[in-house]
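Here are a few short exercises to work through with the model open in your viewer. Try each task before reading its solution.

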Amino acid sequence: MQRLSRHGRLWSAAQHGRLAYAGHAVQRMSARRLSTSGLHEAVREDDVQLRDAFDLPTQTTLGSSWFHQGRPTGLLMEARFVSPTSFQQAGKEAVAEAESLVARVLNASSVTERRQIVKCLDQLSDALCRVMDVAELVRQVHPDSSWQTAAESVYGEMLEFMNGLNTHVGLYTKLVDAMDDPSISKDFSAVEHEVARSFRRDFERSGIHLAASAHARFVELSSRIHDRSRTFLRSQGLAPAGTVQVPVDQLHTLPAAVVTEMLQTHAVRTRSDGVAVVDVVADDWAAQYVLRDCTDSKVREAVYCAWQRGASSAVQSLEGLLEDRLALARTVGFESFAHMTLDDKMARTPDHVDEFLRGLAMQAQPRWDAVAQGLACDPRAIRPWDRDFYVGRQQAKMGALPQLAEYFSIGRVVMGLSRVFSHLYGVTLRATVPQPGEIWHADVRKLEAIDEHGHLLGVVYCDVFARSSKAHVGAAHFTARCARRVDDDVGHVTCDSTVVERDGMRFQLPVVVLICNFPPPAPNAPPLLSWANVETIFHEMGHAMHSMLGQNGFHNVAGTRCPVDFVELPSVLMEHFARSPHVLSLFASHYKTNEPLPLGLLRQRADRRRRFAALDLHAQLFMSALDQRYHSAQLDVRPDWSTRVLAQVHSDPMFECNVAQSMFAHVEGTRWQSRFTHLVGYGASYYSYLLDRVLAGRIWDRVFKGDDPSTQLSNNPLSREAGERFRKELLRWGGGRDPWTCLAAVLDNGESPHHEIEAISKGNKSAMHIVGTWQLPDM
């Protein structure tokens with residue numbers, strides 16, 4: 001494999017007149033400090049550079065002094081992206097390339113030409129996505145408004161063009177003819193068959209096979225669904241929250257700063273009965289403190305009901321959205337929106353999802369019964385507005401959680417991730433100096449993923465600190481370029497800095513961007529991560545490694561381009577590694593003293609987390625079931641029908657708590673569904689979160705046989721054999737193989753009965769039932 005030019009690496013930066021570090025003395029000191037920490041891993045120079053790239057940015061070439069120096073070479077190593085103007089031109093060029101490929105498909109007549117149709121469509125998709133995906137990234141993170149404006153324009157114009165392709169009858173007809181002609185499709189590889197099927201499904205979900213009148217109906221419904229989704233999301237912050245009269249003397253158990261804020265915002269007045277009261281706005285901020293800390297149950301009830309009342313406009317928008325989704329699904333021939341959504345997912349049908357959820361609930365009921373039993377002397381009296389209060393009291397008795405951030409500087413965590421990937425896959429992360437114009441902010445770090453032979457696998461950009469110019473997208477993994485084979489491209493030949501040779505063929509390497517909103521570093525200290533943020537970066541790096549290793553030759557099924565109820569499995573699995581004492585011993589040490597993280601602190605946090613995990617599991621099961629009901633075939637669309645469905649799901653025996661019947665009950669007058677914004681992006685697939693947590697837990701236990709801070713297990717999960725099995729049977733396929741086949745192959749290591757492996761490989765209702773009996777997910 002041909003590597004990228006060496007001029008961008010840290011070790012050679014001094015050759016270009018830049019100061020690689022504050023000096024060689026600093027470099028040696030860093031290595032010496034790290035080696036005294038007691039970590040049982042040999043210290044490499046790349047470890048030091050990787051750590052210091054994040055922890056000591058002002059002392060390395062990754063600092064901001066060079067950021068605006070030199071002529072821009074192109075955003076994300078793309079020579080076409082040197083300015084907003086050139087970015088817009090790149091959009092036009094991508095459309096022109098796509099139009100040329102469309103003409104090739106439409107004119108394909110010979111066997112050779114027809115054999116290239118799937119390749120042409122994949123190439124076409126890559127040409128558009130390489131610009132559109134970057135445009136979406138720029139809209140979220142670029143601090144320059146001229147770049148954002150250009151990205152908005154490019155994205156809108158290209159989206160309109162792509163929507164036209166999705167309903168292009170000629171393309172669809174050519175694809176179907178090739179797929180249905182054995183003389184053509186017999187030569188398709190297994191991955192190419194999957195690519196062809198994915199394109200065909202996308203065409204048909206766009207209503208392309210419908211008669212003219214039905215297609216017009218499809219277009220109308222699609223437009224309404226888009227508008228209603230946006231209206232529902234906008235309604236979240238528009239409707240004023242209700243207010244509740246709260247006696248001032250009932251606020252004394254709340255944090256002092258919270259009380260001060262409430263009293264400064266709203267004047268205290270005296271009621272006719274002489275009681276001093278304040279009108280508390282029942283928004284998210286106030287509700288969390290009142291429900292947790294206020295000792296008066298009636299006040300908690302009033303705040304809860306006002307908080308959960310829900311805006312009528314939001315409920316109406318949601319109901320219109322759900323009704324239009326059902327109509328759309330029936331227009332294209334599906335029984336319900338859930339049937340349409342699940343058709344190409346692991347779950348396959350709503351019945352299979354229900355089987356899985358009920359299996360988990362059967363296991364979980366004794367756990368939430370036990371939690372309720374321990375919350376109060378009379379658990380039968382616990383109402384929904386009491387849960388947080390009783391949980392808070394239990395947590396207060398246990399004392400404050402240990403603070404772990406000083407053991408997790410971000411540089412040490414990224415170094416630890418590199419070591420984990422090295423143990424599992426022979427892959428390391430290497431900090432690299434970006435060229436002028438390659439990144440959009442001086443805080444961005446560039447990492448190369450290198451295999452054990454020194455070959456470049458791909459590039460990961462890390463934009464992890466919060467700033468005002470950055471959209472609050474939470475944590476996210478953006479694919480800027482997918483891996484794919486390019487030496488067999490049709491017509492246009494891809495040739496840029498992310499194309500390398502491998503085994504006589506040429507490949508476009510994956511380029512991904514990890515976005516987080518971690519707090520910026522404090523003065524005179526490296527950036528420190530909370531425990532939640534450590535899990536977050538492990539999770540997102542799980543996606544990144546999926547992109548690096550999921551190279552199957554095709555753009556459309558590369559890396560994380562796989563079913564939504566499968567894509568989180570690798571990233572959730574990485575959360576297990578984050579909690580492993582063996583893994584933590586590779587990097588977790590105090591940033592001042594280098595003392596290793598005391599295992600007792602980790603165990604204390606894990607025990608606290610598990611104590612009330614059953615309540616989180618109940619919430620996830622409930623939301624998953626509600627999502628399925630809202631997207632089912634039976635909708636009674638009388639006014640406020642979504643609230644009736646909400647109450648029905650609450651009363652399902654699947655969610656009952658035997659010792660505290662009222663703890664999870666529906667409260668008359670509340671409409672929590674008005675706040676369920678995940679219905680927009682995860683309609684009929686919210687269960688995916690639970691499914692992937694169960695699957696990841698099974699692989700952790702049966703393949704990696706991992707350790708855990710809350711048990712006495714001491715197994716080391718850093719097994720190259722297990723890592724290679726996971727890589728070979730799951731990661732490398734991306735979306736190019738049936739997920740159930742991948743899962744069965746990973747688990748077929750002698751630790752599970754053969755009949756179970758065989759049943760899992762079929763991916764039917766029985767398979768979902770089996771998964772529902774596996775160990776409950778670690779929440």
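The exercises below concern a predicted model, and each comes with a worked solution.

**Exercise 1. Work out how R115 and E192 are joined, and whether each is buried or partly exposed.**

Solution. Start with the atoms: R115 and E192 form a salt bridge, and their closest N and O atoms are 2.8 Å apart. Next, place the partners in the chain. R115 belongs to helix 4 (residues 111–115) and E192 to helix 9 (residues 190–205), so that the pair links distant parts of the chain, 77 residues apart. Finally, look at accessibility, where buried means under 20% relative accessible area. E192, at 5%, is buried, whereas R115, at 23%, is partly exposed.

**Exercise 2. Find which parts of the chain the pair of R484 and D126 ties together.**

Solution. The closest N and O atoms of R484 and D126 are 2.9 Å apart, and the two form a salt bridge. R484 sits in strand 8 (residues 484–485) and D126 in helix 5 (residues 117–141), so the pair ties together parts 358 residues apart in sequence. Now check the accessibility of each partner: R484 is buried at 2%, and D126 is buried at 2% as well.

**Exercise 3. Describe the surroundings of helix 19, using E535 and H539.**

Solution. Take E535 to begin with. Its salt-bridge partner is R609, with the closest N and O atoms 2.6 Å apart. This pair links distant parts of the chain, as R609 is in helix 22 (residues 599–611) and E535 in helix 19, 74 residues apart. E535 is buried at 10% relative accessibility, while R609 is partly exposed at 24%. Then turn to H539, which lies in helix 19 (residues 531–549). H539 has a relative accessible area of 13%, and is therefore buried. Beyond its neighbours within four places in sequence, H539 is in contact with E568, S571, V572 and E575.

**Exercise 4. Explain why strand 4 is described as largely enclosed.**

Solution. Count the buried residues: five of the five in strand 4 (residues 428–432) are buried, so the strand is largely enclosed by the rest of the structure. Then check the faces. T428, R430 and T432 are buried on one side, and L429 and A431 are buried on the other, so both faces are covered. To finish, look at the pairing: strand 4 runs antiparallel to strand 5 (residues 445–450) over five bridges. In strand 5, I450 is the bridge partner of T428.

Notes:
Residues are numbered from 1 along each chain as its sequence is written. This is a predicted model: local features need pLDDT of at least 70, side-chain atom pairs count only at pLDDT 80 or more; totals for chains, interfaces and linings use all residues. Side-chain values use heavy atoms; hydrogens and water are left out. Helices (H or I, at least four residues) and strands (E, at least two) are DSSP runs, numbered from the N terminus. Buried means under 20% relative accessible area, exposed over 50%, partly exposed in between (1.4 Å probe, protein chains only). Contact means heavy atoms within 4.5 Å. Two strands pair if DSSP finds at least two bridges between them. A salt bridge is a side-chain nitrogen of Lys or Arg within 4 Å of a carboxyl oxygen of Asp or Glu.
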